[in-house]
Amino acid sequence: METLALTSGPALAALGAATAAALGGAGSAIGSGIAGQAASGVTSEKPELFGKLLVLEILPGSQGIYGLVGAFLVTLFFPHIMDLTASQGAYIFFACLPLAITGLFSGMFQGKVAAAGAQVVAKNPDGMGKAIVFAAIVETFAIFGLLITFLLLNNLKTAIS
Amino acid sequence: MAVVEMKKMAILVAQDDTEKILAQLQKHGIFEVSKNVKTESPSVLPKELASTESRLADIDFVIRFLTPFAKQPQSFREKVLGEMVEGNISEVENADAKDFSELIETCSLLEEEENRIHAKQSKLSAFLKLLSYWKRLDIPLQTLRSTHKTQIFLGSVDTKEFPDFSQEIADTEYTYLKAVSHSTRSTFFFLLTHESSVVTVKQTLENYRFTPVDFGKALGTVSEEIREVKQNQESLESRLQEIELQKRELAKNVREIKLAADSLLWKRQKKEAIEISSGTKSTTYITGWVSARDAATLSQELFAITPYVEVFEVEAEEGEVPPVQLKNNAVVKPFESVLNLFGTPAYSEVDPTPFLAPFFAIFFGFCLTDAGYGILMTVTLLIALKVLPTTKQMHQMLVLLLFGGVSTIIMGILFGGYFGMTQEQLPFLVNEATGKFYGQIFDPVKDLMPKIAALAFGLGFLHIILGVILGFVNKIRNKDTVGALLIHFMELVLVGSVAGIVLLPSLSKVFFGTLLIACAGIIWGTGPKDSHVFGRIAFGFLELFMGVIVGWVANLLSYSRLFSLGLATGVIALAFNSIASTLGGMMPALIGIPVMILLILFGHSLNIGLNLLGAFVHSGRLQFVEFFGKFLEGGGRKFSPLSRKTTYLYDSRHL
């Protein structure tokens, strides 16, 4: 059996899937972490707001999920991953980058917006809707990343089959 | 199934009957008192309110003071109730009539005494510690006085510096230094000096930062003093025990006092209502909001209490908005908990609860997709609903989760999820003909693209379309017909045209036409009305691309969370099963099987816990961001009528 070099097709494809899942997850972890700290602070004074604050904390969790979707796409679109050539593997790696990078950064910044949202809710629980909208806007860009990654991967899939 | 129509009513009542009328309104919980701005309130009332508040504060103090000494909850039910006590709501009615002033007095005296004793105790133990360093000093303290020709110093210096210090003292004439004891920090000593050396000695003491010891009024030997301090401590301790016994005895009244606290809460609510109303010497004029249905019978109901009352409808003040009360049937009602996490819709908006209900339930199941977990959830929740004493909100939440549980069973069957087990492990559930579980339509991994993804995005599509339609309805209700047509209706046309171009290419020219019309409508409709024509078009373009087109793509893709969470649940369950069986298989059966069971229990509990939370919040998020974003402004004020809310009494019939 051929040895699996770092620059071989399968290794690069796996690197792509892994990067998408890992950076998306990292973005969400950082984001929910920031939002969670703010939410805990508010909860210490206003425990009745727990439900609303929990919603704000999970908003930056989407990027992790999108990262997972990206990794699923790679494994599902290319079931015969061992047969990929080096250039196909590299293509997959690059195709995963938009999702990975937007996931990381939008997760981080969505967390900051959600943390600010927690302050809004602390002062005025009726501001919940607005706080959600502000935070959701940041997420849009992770979705674009996912979209581009999907289109790029889909192109390769149709080309191969 | 909607936001209830509200009417503002005024009640004019004889002053003497005011309390009775308010009590009746409170009993029914249908009337929200609003502040009357026009006339000044009768000035006697704030005093009454203040006295009720101070009584409530006293009673609260007694409850806090005695509760730790009351009978601790025994049964599971009592433990769940916590500081609440079970009883009948009617018990609260006159619970504050009894005079508690003696009890309050006793409790506050006891608290003062306790505080004094605690202060003394800490003083004594500090003194005891100090004495312990001087144990070796076996002469009575009263004899240690400086004389005509000599002076005595008792105290300490830093242990590290003591050798140098003693050297320096030894070098001074007519001195005698004796170390009594030392701790790691300080060395305690006795120093005697002749008057001729006092100045030098004092200088040395100062150089070494001497700390003199203060024995206070102690006269005997140190060991005598220690004995006395210990005796004192014992007598304080026994007094504390007496106080505790007394508290235990008093704590038998806690239930009664808690009911009185609730009764006072009701009273305070009534007094507050009077305070924000207005009146004359002999009448009170109360205004407030009632649902249109209750408004019709309000006058009749109050007449039954007293003949000296008049009820009539009044105009709302300028800028005053009616409070929002939602009315939903028993099936939809629990889903109000989801809406409550977001906020309250405005009075003029549609109540989104019945629309979000089916989607929330389906999404919840989609995020878990495991029939085993669903059954476990359903059974647990049914038991909890039967056994647990719950407040209204808790009850709603449990019923909501119950719907989620049922939905999880259905989705689990469709996706063939049973505690993450494979077909080989559950042969009796497998349909031989298809090679799948009975009722299974999707294979969670193989069918992810395109079938399951299509299901998720399809549900999302319907969800958002419903949101746009509700946006249309809201605009119409707010009498913005042009906005409704140009924005929401055109958005539907736009989406329909795109779907038409994709699905019916032969008619694409027609659909391109409608698409252009829709775009033009949205551009004109969303652009700011007061700006210049070009500005309006420019802003409209921006809104069309960023808001509508980009919004649709982003919103739809967001529904990918449904199958991601669902798949994650299944994969984690599968992983725990295989970890458990691999590890269990490696050990002899006697240890292996218990280890396997423990791992499986741990793994699945963790998986259920995490994913249940995930399913709940993500199903909620799809409502708040993607669905509500299309139509709901929120910011309504929740209806909060005079009501018989209780802090301490739990009456299962009064929910």
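Chain A of this predicted model contains five helices and zero strands. Read along the sequence, its pattern is therefore written simply as α-α-α-α-α. The C-alpha trace of chain A spans about 65 × 25 × 20 Å along its principal axes. Of the 161 residues in chain A, buried residues make up 53%. I would also draw your attention to the contacts within this chain. Counting those between residues at least 6 apart in sequence, 86% join residues at least 24 apart.

Let me turn to the contact between the two chains. Chain A contributes 22 residues to the contact, and chain B contributes 25 residues. Which helices of chain A supply at least two residues each to the side that touches chain B? They are helix H2 (50-58), helix H3 (62-77) and helix H5 (128-160) of chain A. H5(A) gives the most to that side, with nine residues. In terms of residue class, the side of chain A that touches chain B has 16 nonpolar residues, four polar residues and two charged residues.

I now move to chain B, beginning with its helix H1, residues 18-28. The buried residues in H1(B) are Thr18(B), Ile21(B), Leu22(B), Leu25(B) and Gln26(B). Why do these residues line one face of the helix? Viewed down the axis of H1(B), the buried residues fall within an arc of 140 degrees, and so they line one face. What covers them includes three strands of chain B, namely S2 (6-14), S10 (283-291) and S11 (309-313), together with helices H8 (254-276) and H9 (292-303) of chain B. Just after H1(B) comes Gly29(B), which takes a positive phi of about 60 degrees.

The last region for today is a set of paired strands in chain B. Strand S7 of chain B, residues 186-194, pairs with strand S5 of chain B, residues 150-158, in the antiparallel sense over nine bridges. Within this pairing, Gly155(B) has Phe189(B) in S7(B) as its bridge partner. S7(B) is also joined to strand S6 of chain B, residues 175-182, by seven bridges, and these strands run antiparallel. Here His182(B) stands opposite Thr187(B) in S7(B). How many residues does the hairpin that joins S6(B) to S7(B) pass through? The connection runs through three residues.

To close, I return to the two chains in turn. Chain A has helices but zero strands, and H5(A) gives the most to its side of the contact with chain B. In chain B, S7(B) pairs antiparallel with S5(B) and is joined by bridges to S6(B).

How values were computed:
Residues are numbered from 1 along each chain as its sequence is written. Chains are lettered from A and ligands numbered from 1 in the order in which they are written. This is a predicted model: local features need pLDDT of at least 70, side-chain atom pairs count only at pLDDT 80 or more; totals for chains, interfaces and linings use all residues. A residue is buried if 20 or more other C-beta atoms lie within 10 Å of its own, exposed if 12 or fewer, and partly exposed in between; C-beta atoms are placed from the backbone. Helices (H or I, at least four residues) and strands (E, at least two) are DSSP runs, numbered from the N terminus. The arc is that of the directions from the helix axis to the C-beta atoms. Two residues are in contact if their C-beta atoms, placed from the backbone, lie within 7 Å. Ala, Val, Leu, Ile, Met, Phe, Trp, Tyr, Cys and Pro count as nonpolar, Asp, Glu, Lys and Arg as charged, and the others, Gly among them, as polar. Two strands pair if DSSP finds at least two bridges between them.
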